[in-house]
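Thanks for making the time this morning. I would like to walk through one model with you, going from the charges and the overall build to a single backbone detail and then to the way the copies are related.

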Number of protein chains: 2
Amino acid sequence: MAVNLDPTDWSILAELQRDGRVPLTELGRRVSLSASAVTERVRRLETEGVITGYRADVDLAKVGFAVLAVVRLKYPGSRHEPLHRLLAERSEILECLRTTGEDCYTLKVTATSMPHLEKLIDELAGFGSTTTSIVYSQTLPYRGPRTP
Amino acid sequence: MAVNLDPTDWSILAELQRDGRVPLTELGRRVSLSASAVTERVRRLETEGVITGYRADVDLAKVGFAVLAVVRLKYPGSRHEPLHRLLAERSEILECLRTTGEDCYTLKVTATSMPHLEKLIDELAGFGSTTTSIVYSQTLPYRGPRTP
DNA sequence: TGAAGATACCGGCAGATTCCCGGCCTGAGC
DNA sequence: GCTCAGGCCGGGAATCTGCCGGTATCTTCA
């Protein structure tokens with residue numbers, strides 16, 4: 001399941017996590033490899049599933065989502081489809097982690113305003129009891145792991 | 001501060017969040033615009049800070065990080081620099097949200113093994129009391145918001 | 001009303017990039 | 001020593017990007 005990576009692979013991953021649009025020629029320069037060699041490696045990382053995709057990062061506040069919150073959901077039931085259906089419909093739910101502990105789910109939710117957030121929480125509260133924390137700031141932009 | 005976006009901009013954002021490496025010509029095709037027009041819009045979104053960057057998504061398990069956890073940290077002090085220094089050093093800490101409520105910080109942490117996670121938690125526990133939940137599964141790959 | 005300006009779009013072209021191919025080098029196995 | 005596989009390099013065709021001028025539409029203001 002796990003894939004073997006050499007230091008060059010780790011450098012490539014670091015560069016692509018920092019800038020997913022860097023041209024392969026420039027990427028080759030940065031990791032001291034020819035463009036064709038680095039192309040081959042990147043393609044291997046993609047086909048083996050190490051790189052699952054490329055995403056543009058969007059500034060939520062800039063596009064009108066002023067509020068960010070962490071919601072913990074105590075979900076007593078065992079039928080999870082209805083919740084998953086809600087997740088698929090509501091793009092405001094950015095992330096959903098199922099965890100150990102009392103709170104079965106930890107969600108990252110965004111909203112345009114407090115009333116909007118309130119409405120979302122009400123929908124989630126239909127599944128179980130919720131605990132909501134408003135996010136002041138997001139200290140770390142996502143960087144991803146380095147070699148273990 | 002917020003930026004006005006028309007439906008075409010939202011389509012562009014949706015496409016770029018789904019596939020951040022799509023060529024501008026193909027992107028133009030998908031949103032029914034010429035390559036030059038879409039280039040101009042994307043460049044505007046970038047310079048205005050709506051798009052903050054592009055990142056490759058890496059499968060953590062595939063590269064050896066088998067464990068994912070949510071750690072809540074009750075941080076009694078007001079001096080946050082030491083914590084931030086730790087965040088900068090430890091790439092295992094993927095995300096750090098400062099929130100309202102008793103638990104001042106909510107962190108997303110990855111590790112190669114339980115002993116590795118234990119070591120990380122011990123480091124964090126130096127700052128305050130922690131509550132750790134292991135993540136079973138991550139239900140939603142990040143998709144980002146749609147038009148509000 | 002009508003002209004000037006701003007905005008957004010298109011087409012086309014030069015230069016850069018990607019993709020694909022054949023060939024070279026090195027190490028492992030026989 | 002020979003062969004094979006893996007990884008890398010360089011070159012050329014196809015594609016993409018970045019930039020240009022030109023056009024249509026809408027707004028502004030005289």
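Let me begin with the charges: chain A carries 19 positive and 19 negative charges, and the mean positions of these two sets are 2 Å apart. Please keep in mind throughout that this is a predicted model.

Turning to the secondary structure, chain A has 5 helices and 5 strands, and if you follow the sequence from its start, these elements come in the order α-α-α-β-β-α-β-β-α-β.

As for the overall dimensions, the C-alpha trace of chain A spans about 55 × 35 × 25 Å along its principal axes. The radius of gyration of chain A is 20 Å, whereas a compact globule of 148 residues would be expected to have a value near 15 Å. Among the 148 residues of chain A, 46% count as buried, and the accessible surface of the chain comes to about 7,200 Å², with 52% of that area belonging to carbon and sulfur atoms. If we consider the contacts in chain A with a separation of 6 or more, residues 24 or more positions apart account for 64% of them.

Now to the backbone detail. Where in chain A does S32(A) sit? S32(A) is found in the loop that runs between α2 (24–30) and α3 (35–47), and its phi is near 60°, which is a positive value in a residue other than glycine. Is S32(A) buried or exposed? With a relative accessibility of 64%, and with the cut-off for exposed set at over 50%, S32(A) counts as exposed.

In chain B, S32(B) likewise has a phi near 60°, again a positive value in a residue other than glycine, and S32(B) lies in the loop between α2 (24–30) and α3 (35–47) of that chain. The relative accessible area of S32(B) is 63%, so this residue is exposed as well.

That brings me to the relation between the chains. In general, two copies of a chain are related by a rotation about an axis and a shift along it. Here, chain A is superposed on chain B by a rotation of 180° with 0.0 Å of shift along the axis, at an RMSD of 0.1 Å, and that is the relation of a two-fold axis. Which residue of chain A has its C-alpha nearest the axis? It is R55(A), whose C-alpha is 2.7 Å from the axis. Finally, the same surface serves both copies, since 100% of the contact residues of chain A recur in chain B.

Technical notes: Residues numbered from 1 in each chain as written. Chains lettered and ligands numbered in written order. Predicted model: local features only at pLDDT ≥ 70, side-chain atom pairs only at ≥ 80, totals over all residues. Heavy atoms only, no water. Helix = DSSP H or I, 4+ residues; strand = E, 2+ residues; numbered from the N terminus. Rg over C-alpha atoms; globule rule 2.2 N^0.38 Å. Buried < 20%, exposed > 50% of the residue type's maximum accessible area, 1.4 Å probe, protein only. Contact = heavy atoms within 4.5 Å. Areas by Shrake-Rupley, 256 points an atom, 1.4 Å probe, with all protein chains shown as cover. Lys, Arg positive; Asp, Glu negative; His and termini not counted. Charge placed at Lys NZ, Arg CZ, Asp CG, Glu CD. Least-squares fit on C-alpha atoms with pLDDT ≥ 70 in both.
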